[in-house]
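Dear colleague,

I am handing over the structure we spoke about, with the sequence alongside. Please look through it first, and then read the notes below, which go from single helices to the way the parts of the chain meet.

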Amino acid sequence: MSPENATPFDGWLEEDPEVARLLGEELDRQSTTLQLIASENFTSPAVLAASGSVLTNKYAEGYPGRRYYGGNQIIDEVEDLARERAKSLFGAEHANVQPHAGANANLGVYQALLEPGDTVLAMRLDHGGHLTHGSPASITSKVWHFVSYGLTGASEDPDTPGEVIDLDQVAHLAKTERPKLIVAGATAYARTIDPVPFREIADEVGAYFMFDGAHPAGLIAGGVHPSPVGIADVMTFTTHKTLRGPRGGAIVCRADLAKRIDSAIFPGLQGGPLEHVVAAKAVAFAEAATPDFRRYAAQVVANAKALATSLKAAGFRLVSGGTDNHMVLVDLRPFDAELTGKEAQEVLDRAGITCNRNTIPDDPRSAFITSGLRLGTPAETTAGMGTAEMATIAELISRTLSQRSDESAIAAVRAEVAELCAAFPPYPSLMAGAAGRG
Ligand SMILES: *Cc1c(COP(=O)(O)O)cnc(C)c1O
């Protein structure tokens with residue numbers, strides 16, 4: 001391995017140069033291309049350290065004070081710390097930090113609150129909902145009966161652009177379908193989700209209300225999205241999206257649901273918890289409670305708004321007309337009727353701009369092809385980019401897509417992307433470590 005390719009992983013992975021090389025290459029990819037996937041972020045080195053720790057060695061089935069294996073004295077302290085920090089971060093009565101992922105957190109709540117066959121009212125997938133909200137491809141739809149609400153139609157009026165959650169439809173379906181659980185939350189929705197009307201509708205029909213905060217959890221912690229805690233019965237979330245922690249899930253809920261939620265996760269759904277990830281979650285919860293993180297969350301939203309404004313100026317239509325959160329959903333059709341989400345994603349990848357294709361509401365193309373793109377600001381905001389960089393990124397996207405058959409134009413964008421990324425390295429300490437080692 002040449003010195004310039006040396007990475008901080010080489011020392012620990014001396015016996016496995018193949019994996020060491022791949023880790024180094026991925027660090028390089030993350031540092032030299034733009035990360036605009038709305039569900040991704042750059043964790044702190046402290047989060048990386050905790051998730052790469054000896055805690056991975058420990059079996060800890062059960063919960064603090066009630067384990068099935070010996071030797072869990074320290075693990076209990078770790079998990080208690082994570083639970084206390086989660087509770088304090090969100091002002092919640094109870095926290096479960098064991099879900100391996102956001103999907104597991106949702107499955108755990110369904111299992112805790114529902115019997116098989118019970119009805120759940122959640123957001124349509126093709127309007128922005130998540131697989132675990134009843135997709136035919138997900139086990140959730142095989143065990144429970146899902147009914148879906150969607151968005152209102154688009155309008156030409158810039159003051160009321162539409163394509164927001166259709167609360168009248170939520171209320172109507174709640175009355176006619178009598179769900180036992182109502183789910184709010186989305187994977188591709190650029191607007192604030194107010195938990196209050198969902199609570200009112202749930203109360204009218206005697207349903208539980210779960211807020212799936214997988215995406216906005218960091219914005220909620222940072223005070224730039226209304227908190228559903230204390231309004232919803234349960235909030236599930238991921239720790240790796242806007243919250244900027246390790247890959248994983250978590251649940252906060254009222255104290256009276258604690259026992260049911262805990263036993264639904266273990267032994268209901270999972271075996272041994274990933275305590276190295278639980279430690280990293282504890283680190284992330286503490287980071288998210290700082291004034292720095294509040295500034296970060298506000299900047300994430302300011303950056304998304306700046307990106308939205310510049311994209312609109314470049315001729316793109318945005319679903320719901322703009323954004324309140326960390327993402328924008330681009331409808332590519334008015335920009336170029338021939339351009340699919342799949343092709344746009346691929347050409348942007350070649351230009352060093354990483355994002356994902358996404359269906360737009362009532363997309364005429366399949367979920368594999370799509371007519372849209374989803375772009376997010378959490379990762380590059382962590383790297384230090386601001387609104388000026390967002391304007392540059394919008395211009396680079398527009399140029400790449402309009403000159404997509406011109407390889408030299410794509411190469412020119414790729415070079416500009418590399419220059420931009422070089423000014424905002426996500427892991428300067430790791431790169432410095434690599435240079436030192438070389
Ligand atoms: C990302 C997401 C999930 C699932 O999280 P994973 O960690 O990928 O399992 C659940 N719900 C919503 C709304 C999401 O966006």
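Arginine 21 and glutamate 25 both sit in helix H2 (residues 17-32), four residues apart, which is about one turn of the helix. An α-helix has 3.6 residues a turn, so residues three or four places apart point the same way. In this predicted model, the two side chains form a salt bridge, with the closest N and O atoms 3.1 Å apart. Neither partner is hidden, since arginine 21 counts as partly exposed at 39% relative accessibility and glutamate 25 counts as partly exposed at 43%.

A search of the whole structure finds 26 salt bridges, and a few others are worth following on the screen. Aspartate 126 and arginine 124 meet through their side chains at 2.8 Å, N to O; aspartate 126 is partly exposed at 32% relative accessibility, and arginine 124 is partly exposed as well, with a relative accessible area of 27%. Another salt bridge joins aspartate 324 to arginine 191, with 2.9 Å between the closest N and O atoms. That pair links distant parts of the chain, 133 residues apart, with aspartate 324 in the loop between strand S11 (317-318) and strand S12 (327-331) and arginine 191 in the loop between S7 and H8. Aspartate 324 counts as partly exposed at 25% relative accessibility, whereas arginine 191 is buried, with a relative accessible area of 16%. Elsewhere, salt bridges with shared partners join Arg199, Asp203, Asp233, Arg254 and Asp256 into one network.

Helix H7 is a good place to look at packing. Which residues of helix H7 (residues 167-177) are buried? They are Val170, Ala171, Leu173 and Ala174, and because they cover an arc of only 170 degrees around the axis, they lie on the same side of H7. These buried residues pack against strand S5 (119-123), strand S6 (145-149), strand S7 (181-184) and helix H8 (195-205). At the start of H7, a side-chain oxygen of aspartate 166 comes to within 3.2 Å of the backbone nitrogen of aspartate 168, while just after the helix arginine 178 takes a positive phi of about 45 degrees.

On a wider scale, the domain assignment of the protein gives domain 1 (54-288) and domain 2 (292-437). The contact between them takes 27 residues from domain 1 and 27 residues from domain 2, and the C-alpha centres of the two domains lie 27 Å apart. Together the domains bury about 2200 Å² between them, with 54% of it on carbon and sulfur atoms. Three salt bridges are found across this interface, and the count of residue pairs in polar contact between the domains is 15. On the side of domain 1 that touches domain 2, helix H9 (217-221) and helix H11 (275-288) each supply at least two residues, and the largest share, three residues, comes from H9.

One last position to visit is glycine 352, which lies in the loop between helix H13 (341-350) and strand S13 (353-354). Glycine 352 is buried, with a relative accessible area of 0%. Leaving aside neighbours within four places in sequence, glycine 352 is in contact with Thr33, Leu34, Arg414 and Val417. Of these, arginine 414 is 62 residues away in sequence, yet 5.4 Å from glycine 352 in space, C-alpha to C-alpha.

With best wishes

Technical notes:
Residues are numbered from 1 along each chain as its sequence is written. This is a predicted model: local features need pLDDT of at least 70, side-chain atom pairs count only at pLDDT 80 or more; totals for chains, interfaces and linings use all residues. Side-chain values use heavy atoms; hydrogens and water are left out. Buried means under 20% relative accessible area, exposed over 50%, partly exposed in between (1.4 Å probe, protein chains only). The arc is that of the directions from the helix axis to the C-beta atoms. Contact means heavy atoms within 4.5 Å. A polar contact is a pair of N or O atoms within 3.5 Å; within protein, one must be able to donate a hydrogen and the other to accept it, and residues adjacent in sequence count only if both atoms are side-chain atoms. Domain bounds come from an automatic or database domain assignment. Buried area is the accessible area (1.4 Å probe) that two parts lose on being put together, summed over both. A salt bridge is a side-chain nitrogen of Lys or Arg within 4 Å of a carboxyl oxygen of Asp or Glu.
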